[in-house]
Amino acid sequence: MSGLWHNAGWHGKAIALLLLLAFLAAPLVSDRYLLSVLILVFYFAYLGQAWNLLMGFAGQLSLGHALYLGLGAYTATALWTLFGIGPWIGVFIAIPVAAAAGMFVGWLGWRFAIEGVYFALLTIAFAEFTRIGFDHLQITGASGGLFLSVNGPGADKWWNLGGGPLLYYYLSLILAVGATFLVARLRQSSLGYRWLAVRENPEAAQAVGINIFRARMIAMLISSSMTAVGGVFYGFYYRNLFPSQVFDISRSIELILAPIIGGLGTIFGPVVGAIILTPLGESLTGLMEAFGINAPGAKLIFYGIVLMIIISLRPDGVWPWLARHLKLDGARK
Amino acid sequence: MTALLSVRDLSKHFRGLAAVSHVSFDVNPGEIFAIIGPNGAGKTTLFNMIAGAMAPNGGTITFAGEHIEGLRSDQVAQRGIGRTFQVVKPFPALTVEDNVVVGALMRTNALGEARKVAHEVLTQLDLIGKRDQLASSLTLPDRKRLEVARALATRPQLLLLDEVMAGLRPTETDRIVSILRDLNRSGLTILLIEHVMRAVTALASRILVLHHGAAIAEGTPDDVLRNPAVIESYLGAEAL
Amino acid sequence: MSFDHRKLSRRSVLAGTAAGAVLLGAPAIVRAQTKALKIAVLLPQSGYLAQAGQSCHRGALVAPSVLSDFGHQVELIHIDMESNPDVARTQTERAINEGAQCIVGAFDSAGTLAIAQVCEQRQVPLIVNIGAAPQLTEQGYKFLVRNFPTGGMLVKNGLHQIQALIDATKIAPKTAVFLHANDNFGMAQRKGMDALFPTAGLPFKLLESIAYDPKAQDLSVEVTKIRGLNPDLLLVVTRAADAIKLVRDTVRQKFQPMGIISPGAPGLYDEEFYKALGPLADYHIDALPWANPKSKVTQALEAAFKKQQPNYRFAVECFNVGFTFDALLIAADAFKRAGTATGPELMKALMATNLVDHTMIGPPIKFDAKGQNVDIPSGCVQNRAQTPTVVLPAEVATMTPVLPMPPWQGRT
Amino acid sequence: MTAITLNVIVQGVLTGLVYGLMALGLSVIFGVMRVVNFAHGEFTVIAMYAAFILFEVLHIDPLIALLPIAAVFFGIGYLLQRTLITPFIGRAEHEQFILLVGLATVIVNGILLIFGPDARPINLPYSFDSYTVGSLFIDKVRVLAAIAALAVAAALFLFFRYTRTGTAIRACADNLTGAGVVGLNVKQLYAVTFGLGLACVGAAGTLMATIADASPGLAQAYTLLAFTIVIVGGLGSMVGALVGGILIGVSEALAGFYIQPSMKSMFSFALLIIVLVLRPQGLLGRRL
């Protein structure tokens, strides 16, 4: 981040600081609805960063990140409901569980040279396989779901990730900002350069001494770990989990929209994408209501059209274009 | 003098077809060694086996006293062999400087240092003025030099060049020839595969001629170019 | 810190917060100054639960005029939660900002619990219209009541009804197979079945419980498996479209059980079921809570429904419509007794509910300490002339049950 | 082998053939143009609704409606390729993915908006008939659909093998630059290919409508199913798609019968993983 920060022009710095201050102060002035939307924005920005690390930097298309999200969510919530182990400890068990799954998928994929769309299908297959597996896992309630109490001992304490919207707001904000810093830092590290090299041309990367398998595995390790943390947040925010919700392919799809629309392989792309997409959905709902349209499905039709328009007009994402127009440096970053 | 690179009895076949059979040669420290031969002679296969992109079916490759046959290309690179690609493979979305920085990062994890190395190499190869351009925006001659720069940034003992002059105009060829001569003078050993005989005769101290996967001649440029077998099989067909 | 959304107007908030949030523009809030209770009805009108969600929505649409005839003023905000908990959660926040004093919803458990989080924090009562996961009322929510049986209650009442059916029709089944969707609704009932069947004292043996994938493209293998077991009775918990596949493959494979009975699942009585199967849809039985044809509330609701929704049959829709209407009725009744719409007061009144006249069969609606109505009996509804018809209990029945069902052959 | 097991296998084969035809459309599009059609299942469902409408309004049997629907789908595919897809040829997979996910969202919700959420059945006079062979019961609609699927696949096969256009398309698939060099109109051929792919989908959807009821919720599962079959069978292999369909159909049927029906898709995904790892070119595909 430091390099990025020094490279940014004064108005880039000003915009970043103002935005951060606005987000920090938002709960003072905004209503709960807006907060709940912003929580989703930060949540998707965070997950977008995690996914972007693997796809945007290391160039590996995963369409099965719901696997790590679900494993993270289920591990931490099951530890809490079954053994009373709180999420701050649970998260450190959730991370290795999801990371192990990620490493296995990566190992299988990259050892056997499964690339591109084939790798994407491999990730889908694992996520779906696990979804059905959890549908039958009795200890976590199988397809009946796993439920977190709201009045059990300690359930409403912040250290057990229970509480009001402020807790989740700042937690999701910290996650999103922290992930952005982490990603920026990694991007400016030797590892970041190696990832980009592997993404751009694996063969050439290998010829300059990069172990591409290891570089990809590290990206998968960090990406799946980060996604698992997002899963823990999800589990304790909603306080109920169903395999058909959390492991579903539509989860995997929705979490990749923000980074692609925002700008793949950029540091602020996932953030910008989340700031565009979540409020887009909400405002479409608002517009429908304002015009008195009760047509189930109409909102999502418009949403789909907007996706198609953005990807047609700005295939590199909105952020690089925005950065150029705001005359910010580092548009490619 | 012990050879820097020593190839013994190296063979590779694809589905029963011998691409390289029982080739042996030595490259001494500090020399420029060229491999020539008509298309399909097995040059690139030989090259790829040395660079680790392909595992041989038989024979040994020794580099600086260590067996390297069958190692992955990143392991080969780590041991001090840099390479270029016949069809250039830059990192297109990265700047020229960052392309070279990636190379320099093989020897260090410190970005500042890698950047310093990159600047040196880019200056050496006359690319410093284009360091902020995207690699995808370069012309072919510039890309060829970028390939060399990226390989050099890994600080290799031996540089493998795969037809780095192909497709260049004579003036550009001369420019690369003089750059390579300078590099060689500063102690770099070079192994090159080349079609452009002008460059080969200008640079190489020794030449190996491949034909149908087998070595048919080896020696100084003068010796080799007078060799009747060479004239018949290769020069006769293409150069004359 | 407490939140007061009136601190600043929405527009100044928008101007002050994030650039992206500008897109959130919505009409300014105009607070209703009427005596009507403002209720937000959140239902999955799109997404994978759209079929049921839209059916419930029709119940909500018809409710205000009927309630008004009974002296209740309600104002409804209809919201599509898209079968998506994220949407359910943000839209609940928005509805409460826009003045909703009570929430009704949301058919599925994940969505309902997302809403429950918000309602709990903002102290706005949530009335669950439909949702069978037992945990909804076991998690300690203080602002949630449910006028719908849990999966266990449905099975318990269903098994009672099956016994009553056997008594009424004098059939003597010896074996049964239980087939259920492997989703949260199906699993809630499977757990009930596993727990209750061994002690229910029914005269037949349960050969096997089979779970099927709700995403399955067809049920032919499942039917083949059942055919191999050859049970007298087939007990099923299906989603709407699955019931069609089930019966169709049963007919094709010429498997003829004494009856197909469901302990309270949708599917066997949906309009699409009748349209797809015609006469083959007849004689299947659902043991589930049902609209009481003899209640004056039901009669009023039916009349209004016929007028407003001429394309839909009340007899077919009355399960979803009835429970959704009753949820709204419960809210309106509590509001009348409380005299205020403040959350805690309204909730207190809700917990003290003792509602004699309502749509669904059963004694007065009351809630236990956890907010669960523990007394929602099931009746038996049999498809007759492609219309769901109450056949048990006798006091509300309009026909007598027929079992074993007539053979498939010769029905067309 | 017991009769009942045999019955399960026969059902799996018949259903698998129809799945295979659907996957064939994907194989053609993906194999030739490298476009990852993530709206494949959605197109299948549109065809199911088309078959439903033709049956309800004009009482046309889907086995006949198959031809006009396939023709119309060819036109739709041709136009879609010329307008929406062309700019995305050769672009990164994730960009195609977003475009087609957007399109899929529009289609699914458009169907919901127009037709509502109810499943739409086609009640043929023979919908409930089955053939009795020994102690086996074989559904008439499945037999007819499977035969029709084979016929369409055979027609497609002949087209690719014996017509000029078909050969030219295969040339494009093998070597795009080469095809351009020898003067083939690649743009035109791509449009024809996408059209053919969608015609396959149109035919498959029409047949599917006889064995399953059209509803918006089916689409995503069909997309996944088609991809699984194509990868298992082998990309670019026409026979592979049909064999993949049968393999998936039979393995799901057997897993459902012997293990637990709710776990049957697990076996398809496990099969997909195993094939990807051990034989990435698919069972009948050429080496990559």
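**Exercise 1. Describe helix α10 of chain C: its length, its buried side and what covers that side.**

Step 1. In this predicted model, helix α10 of chain C covers residues 296–308, and its 13 residues reach 18 Å from the first C-alpha to the last, close to the 18 Å expected at 1.5 Å a residue. Helices (H or I, at least four residues) and strands (E, at least two) are DSSP runs, numbered from the N terminus, and the expected span of a helix is 1.5 Å times one less than its number of residues.

Step 2. The buried residues of α10(C) are C:Val297, C:Thr298, C:Leu301, C:Ala304 and C:Phe305, where buried means under 20% relative accessible area, exposed over 50%, and partly exposed in between (1.4 Å probe, protein chains only). Because they cover an arc of only 135° around the axis, they lie on the same side of α10(C); the arc is that of the directions from the helix axis to the C-beta atoms.

Step 3. The face turned away from the buried side of α10(C) carries the exposed residues C:Lys306 and C:Lys307, while the cover over the buried residues includes α2 (50–69) and α11 (314–338) of chain C.

Step 4. At the start of α10(C), a side-chain oxygen of C:Ser295 reaches to within 3.1 Å of the backbone nitrogen of C:Val297.

The conventions are these: residues are numbered from 1 along each chain as its sequence is written, and chains are lettered from A and ligands numbered from 1 in the order in which they are written. Local features need pLDDT of at least 70 and side-chain atom pairs count only at pLDDT 80 or more, whereas totals for chains, interfaces and linings use all residues, and side-chain values use heavy atoms, with hydrogens and water left out.

**Exercise 2. Follow the salt bridges of A:Arg131, and then examine the pair C:Glu93 and C:Arg122.**

Step 1. A salt bridge is a side-chain nitrogen of Lys or Arg within 4 Å of a carboxyl oxygen of Asp or Glu, and by this rule the count over all chains comes to 46.

Step 2. A:Arg131 forms a salt bridge with A:Glu128, with the closest N and O atoms 3.0 Å apart, and A:Arg131 also forms one with A:Asp135, where the closest N and O atoms are 3.8 Å apart.

Step 3. A:Glu128 and A:Arg131 both lie in helix α6 (residues 116–135) of chain A, three residues apart. A:Arg131 and A:Asp135 are separated by about one helical turn because they are four residues apart in helix α6 of chain A. A:Glu128 and A:Arg131 are buried, and A:Asp135 is buried too.

Step 4. C:Glu93 forms a salt bridge with C:Arg122, the closest N and O atoms being 2.7 Å apart. Since C:Glu93 lies in helix α3 (residues 85–97) of chain C and C:Arg122 in helix α4 (residues 109–122) of chain C, the pair ties together parts that are 29 residues apart in sequence. Both C:Glu93 and C:Arg122 are buried.

**Exercise 3. Characterise the interface between chain B and chain A.**

Step 1. Counting contact as heavy atoms within 4.5 Å, 27 residues of chain B are in contact with 20 residues of chain A.

Step 2. Chain B and chain A bury about 2000 Å² between them, 59% of it on carbon and sulfur atoms; buried area is the accessible area (1.4 Å probe) that two parts lose on being put together, summed over both.

Step 3. The count between chain B and chain A is one salt bridge, and A:Glu203 forms a salt bridge with B:Lys89, whose closest N and O atoms are 3.3 Å apart.

Note on methods. A polar contact is a pair of N or O atoms within 3.5 Å; within protein, one must be able to donate a hydrogen and the other to accept it, and residues adjacent in sequence count only if both atoms are side-chain atoms.
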